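Biologist: Could you take me through this structure? I would like to ask short questions as we go.

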Amino acid sequence: MVILMDDHMVHRGHGVFDTAAIKKGHLYELHQHVDRIIRSGTVAKIVLPFDRETIRRILIQTVSVSKCMNGSLRYWMSAGPGDFQLSPSGCHQPALYAIVIEDQSLFDSRGIKVVTSSIPIKPPQFATMKSVNYLPNVLSKMEAEEQVAFAAIWLDDDGFIAEGSNMNVAFVTKEQELLMPKFDKILSGCPARRVLTLAEGLVRVGKLRGIRVDNVCIDEGKSADEMMLLGSGVLVRPVIQWDEKVKGDGKEGPISKTLLNYILEDMNSGLSSVRVPVRY
Ligand SMILES: Cc1ncc(COP(=O)(O)O)c(C=O)c1O
């Protein structure tokens, strides 16, 4: 694939993207991911290169011709090639780019360490969309790696727990509630939203007392029985240490492990509303 240097996404960061997982020849939550790139594109004032149905069809066809059965589909919408100016008025053809990344590895369920990010979080207008401006995310991931941690956690401008560098977070409180930060200042993660639905099964069998989406203060997060990262790249990943604070007995929490199994099951054999078959 060739992307021109004068594409507004390349030299001005005027592009949006999204990623959907490919599992056993199915695209997981494709509708949700397509809706999200269209929302991001609207905020970024990028004219849709095609209508929604055509975008969806092109994405499925791209996976089909790649013959990839397991991996991920990543796609971008850009204002397109132009004249190297700040204004996109010289960009006459918005573009859709898509690539398929093969990945046969199994999801890792080992507990990881996270640190608090010192890199400022993006303001809500930009944090709630998925633009290609990921410099803060890259720097916060590098900051984590420098401290031998997996991810860095952002606090929002009111000091509440926000999200990780490319994932959402959730907690199991002392009262056995699943607690997730509100989505008004962060990215509305597809696996995070799906976990909120799947966790209702744990409430029904009495393993959770309830599910709450709310502001989460740092003390509540650090003292929670369990913490987990949620995202397309990690699915559900138990956190066993945040900064110096080790969670519980330092072992992966049971609710995090069960939620990982639920989401894996959902990807492998869930409802047709979350699994779109690819015809190869
Ligand atoms: C900042 C941020 N938060 C949350 C997420 C999780 O979202 P999803 O897994 O739906 O892509 C991502 C994913 O890249 C992200 O970049």
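Biologist: Is Cys 190 buried or exposed?
Modeller: Cys 190 is buried, with a relative accessible area of 7%. Buried means under 20% relative accessible area, exposed means over 50%, and partly exposed lies in between, with a 1.4 Å probe and protein chains only. Please note that this is a predicted model: local features need pLDDT of at least 70, side-chain atom pairs count only at pLDDT 80 or more, and totals for chains, interfaces and linings use all residues. Residues are numbered from 1 along each chain as its sequence is written, and side-chain values use heavy atoms, with hydrogens and water left out.

Biologist: How many disulfides are there?
Modeller: The count is 0 disulfides, where a disulfide is a pair of cysteine sulfur atoms within 2.5 Å. In general, a disulfide is a covalent bond between the sulfur atoms of two cysteines.

Biologist: Why does Cys 190 not form a bond of this kind?
Modeller: Because its sulfur is 19 Å from the closest cysteine sulfur, in Cys 68, which is too far for a bond.

Biologist: Which residues come nearest to the ligand?
Modeller: Of the 16 residues around the ligand, the nearest are Lys 130, Tyr 134, Glu 163, Cys 190 and Ser 232. A residue counts as near if one of its heavy atoms lies within 4 Å.

Biologist: What polar contact does Cys 190 make there?
Modeller: A polar backbone atom of Cys 190 is 2.7 Å from an oxygen atom of the ligand. A polar contact with the ligand is a pair of N or O atoms within 3.5 Å. For Glu 163, a polar side-chain atom lies 2.7 Å from a ligand nitrogen atom. For Arg 36, a polar side-chain atom lies 2.9 Å from a ligand oxygen atom. Taken alone, the ligand exposes 380 Å², and the protein buries 94% of that, by the Shrake-Rupley method with a 1.4 Å probe.

Biologist: Turning to helix H2, which of its residues are buried?
Modeller: The buried residues of H2 are Leu 30, His 33, Val 34, Arg 36, Ile 37, Ile 38, Ser 40 and Gly 41. Helices (H or I, at least four residues) and strands (E, at least two) are DSSP runs, numbered from the N terminus.

Biologist: What covers them?
Modeller: The cover includes strand E1 (15-23), helix H3 (52-66) and helix H6 (190-198), among others.

Biologist: One last topic: where is Lys 67?
Modeller: Lys 67 is in the loop between H3 and E3. Its phi is near 65 degrees, a positive value in a residue other than glycine. Lys 67 is exposed, with a relative accessible area of 64%.

Terms used. Contact = heavy atoms within 4.5 Å. Polar contact = N/O pair within 3.5 Å; in protein donor to acceptor, adjacent residues only side chain to side chain.
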